[in-house]
Structures are given as structure tokens and as C-alpha cells.
Amino acid sequence: MTSIELIDAHEILDSRGNPTIEVVVVLDSGATGRAAVPSGASTGAHEAVELRDDEPARYGGKGVRRAVVNVLEVIGPALMDQDAADQAAIDELLIDLDGTPDKGRLGANAILGVSLACAHAAAAAYGLPLYRYLGGVAARTLPVPMFNILNGGKHAADSTDFQEFMVMPVGAPSWSEALRAGAEIFAALRTELHGAGHSTGQGDEGGFAPSLASNEAAIEVVLRAIERAGYHPGEDVVIALDPAVTELVDLDAPATGEGELTYRLAKEGRTLVTSELVDFWADWIDRYPILSLEDGLAEDDWLGWRMLTERVGDRCQLVGDDLFVTNPERLGRGIAEGAGNAVLIKLNQIGTLSETLDTVGLAQRNGFGAVISHRSGETEDTTIADLAVATGTGQIKSGAPSRSERVAKYNRLLRIEAELDRFATYPGRAALVTSR
Ligand code: PGA
Ligand code: ZN
């Protein structure tokens, strides 16, 4: 019933208008699964490799026809008649077929598309929604959202140095009320920015991208928006940041004697070395209701991560995105060294569903938080919404409550909530690793 009969793939567009791959898997029962792969802009150096065509005359080199051909000609024939419900075996086969540590031969985009389409097809064959197929009857926890309402860094030209200013409605009683709070705060932020004469153009993840005088001005305006919408900062709604500072490392700066990196805040015309950046975050965490900080230090600044975790890890969730790249080995090092206390989960950083589930499990067994995440380049695919409920991590980030590719995930969670009815739970503040 779940044996693979056909695998198809094609090139579609993502939310930035760049090509990406979509895969369709058809089983002998006729059940079909479809998955589209997202793509990052502030990608970590340790991520699995996204295969692009590098033909400058076509989509500026960003075409994915080579990945499509790899699915059709290499992966498809090898997976014929395999059991799509045996996810671990499917993913092992994909990893072996590729044969490289970074999935660079066939492309992590090609591999992930097949891995996820198999899961969707198997769920369909069993007549189950994906969250139930992956998570079983225990999958009843809706995630607390991080709504990225102000975009900067690589996701918006001329905005803040820091990439993401997010709000988390930890005081909401349910998923739908959390979504409502996010949408109301987003609307209030538009009014605040408009009133102050700022642009309300949107960045890649749907948040506003104003040209503010400083990074701190962004925090201040977000706090005003929370209040304008009728919520109490620090109680109903807290702030989560992803400054994505791997992008801010000054590679030309001379190394300090202590092995510290130099970070450049171009907007503010100043630089900070690792220990100063740790002080900077400790100060912000003292003065503002920031309960989650992602990539507050760069992907290889293990020293800085240990310093920050030691300093504020008891009162702030410290999420490794570029640091861990959803990789069990890198996360294992973080757990062992006390670097961070939570992991960002992005399927395409590692490239298969099974490895992603392994990383989530590793985090959960070690008291680390796990935040299921979109990428800045997204499609209408809503797999991550189901993954968040299936794994019960209690946290998701999928951008602003605006733009269809972001809202598709949030709307999918509304449908899951309705389906679970009174058995759906919303963890609120308890989802944060620091409040456990
Ligand atoms: P990316 O950004 O998808 O462009 O990498 C998201 C993030 O840094 O969390
Ligand atoms: Zn990030």
C-alpha cells in the first residue's frame, strides 16, 4: 500500500521569485505526497549544500534543473518499490546515494524534497494528517509563535543591522488567540511606523523594514506597537530576537589576543569584539523583555556562545541557528560545552526528515529548546506547521502574520487546532526553555 511507484520533480518559484524544487511521490495505492523546498539568504557555512545550476543566463544562475534531474534520473529509479512509510530507510538510502557529508552531489534540496514527499505520501496512504502520522496520538501541542514583525539584515536593504525583531504571545490562552495578538501587533506597528513617517515596506519575511536610526529604535517601536495593540510587554507578549550576527563578522579585523571576533554594526558606525557583544546582549536582556535570542554570536564563535550562555542562559533562551545548522553533531558539541540552550530546526539545513527528527530528539532529551523554522525564501508548503505539532517542541517561527507563504503555515495551525478541538493545548511561557 505504501510502496513507491513514481517520483516526479519540477522547478517552481519561491517567495523571492527564485527557483526551487517541488517533488511529488505516488504510491501503489494511488496516494500522493507533495513537498516544496525552502531556501535561506543568511545561510550558515555548515549547512547542507543547496544545488543550483550556476547558469548565469538563466535565473541569474539560481535555477535548480540539476537538482530536478537528480531526482528524476538518480533518486527516482533507486527508490522504486521502496516503502515510503519506512522513513528511516528511505532517508538512509538518500544519504548513501549522495555519498558526501554535505549532500552536495545530489543536492540537499533534491534530497529533502524526496524525503518530505515520501512522508506526505505515506500519511495520505494511511488517511492521516501529517502531524498525526509523524507524531501519533500524543501530537496535541500547538506551538508558541515567534512573529518576525520587523525585518533587517540580509532580509531588507537599508533597515536595521539585526535581522529579526519578533514578538511571542506567551500569555495567549490558545494558538488562535496567539495568532490574533500577532496580527493586531503587526497592524499597530504599521500605524506606529506610519505615524513617525517611516516606510512600511516589507522585508523578505513579511515584517516591516523601516530605516531607523539604530537597532535599539527597532526594539522601542516594537514595544510601543505591543502596547498600542492593548497587550502588556513582558507579560502577554515577549520579544524574541534573531540578529543573525554571523553576517556581521568583520573578516578583515585583526584577531584579538583572546581569540575574539569583531562584529560590525554598520548602522550605528561601531564595532564590538566578542566579549563586548556578550555585554551588549546582557544589557539588552536586562532592560527589555527579551526571552529568546537566536544567533547572538557567530556560527564559529564557540567561545562567545559559552560566555553568553554562562552569563544569561538562566533567564534567556539562546537559540543556535547558524551555530548548530540542525546538525546532531554540532548540537552535541553545544550540549557538551554549554554553548546555547536551544536549537533552531530547519529541515533544509540538514536535508532529510529523519536527521531533523534526530536533532529534535537530541535537544529534547538534553533539556534544550527546539524552535521549528521556515526559511526567508518560502513557498505555500506547510510541512513545518505539522512538524511543530508532531514533535511537540512548542515553538515555531514563520515570519510576520502577513504574506501568503508565511500565513500559510499559521493558517495550517488554525486548521490543526480546529481538528484537535478541545484536546489542543497551547504551552505559552512554559514552551521557553528558561521557564522550565
Ligand atoms: P534565512 O533566515 O532563511 O535567510 O537563513 C532565517 C534565519 O536566520 O533564521
Ligand atoms: Zn536565524
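How far is an oxygen atom of ligand 1 from an N or O atom in the side chain of Arg375? In this predicted model, the gap is 2.7 Å, which falls inside the limit for a polar contact (a pair of N or O atoms within 3.5 Å). Ser376 joins in, with a polar side-chain atom 2.6 Å from an oxygen atom of ligand 1, and Asp242 has a side-chain N or O atom 3.1 Å from a ligand oxygen. The protein covers 100% of the 280 Å² of accessible area that ligand 1 has on its own, going by the Shrake-Rupley method with a 1.4 Å probe.

Around ligand 1 there are 15 residues, and Ala41, His155, Arg375, Ser376 and Lys397 are the closest; to be near, a residue needs a heavy atom within 4 Å. By class, this shell holds eight charged, five polar and two nonpolar residues.

Asp242 turns up again at the zinc ion (ligand 2), where Asp242, Glu294 and Asp321 coordinate the metal at 2.0 to 2.2 Å; donors here are N, O and S atoms within 2.8 Å of the metal (3.2 Å for Na, K and Ca). Glu294 sits in strand E9 and Asp321 in the loop between strand E10 and helix H9, so this pair ties together parts that are 27 residues apart in sequence.

As for conventions, residues are numbered from 1 along each chain, with chains lettered from A and ligands numbered from 1 as written. Local features need pLDDT of at least 70, side-chain atom pairs count only at pLDDT 80 or more, totals for chains, interfaces and linings use all residues, and side-chain values use heavy atoms, leaving out hydrogens and water.

Notes:
Polar contact = N/O pair within 3.5 Å; in protein donor to acceptor, adjacent residues only side chain to side chain. Nonpolar A, V, L, I, M, F, W, Y, C, P; charged D, E, K, R; others polar. Helix = DSSP H or I, 4+ residues; strand = E, 2+ residues; numbered from the N terminus.
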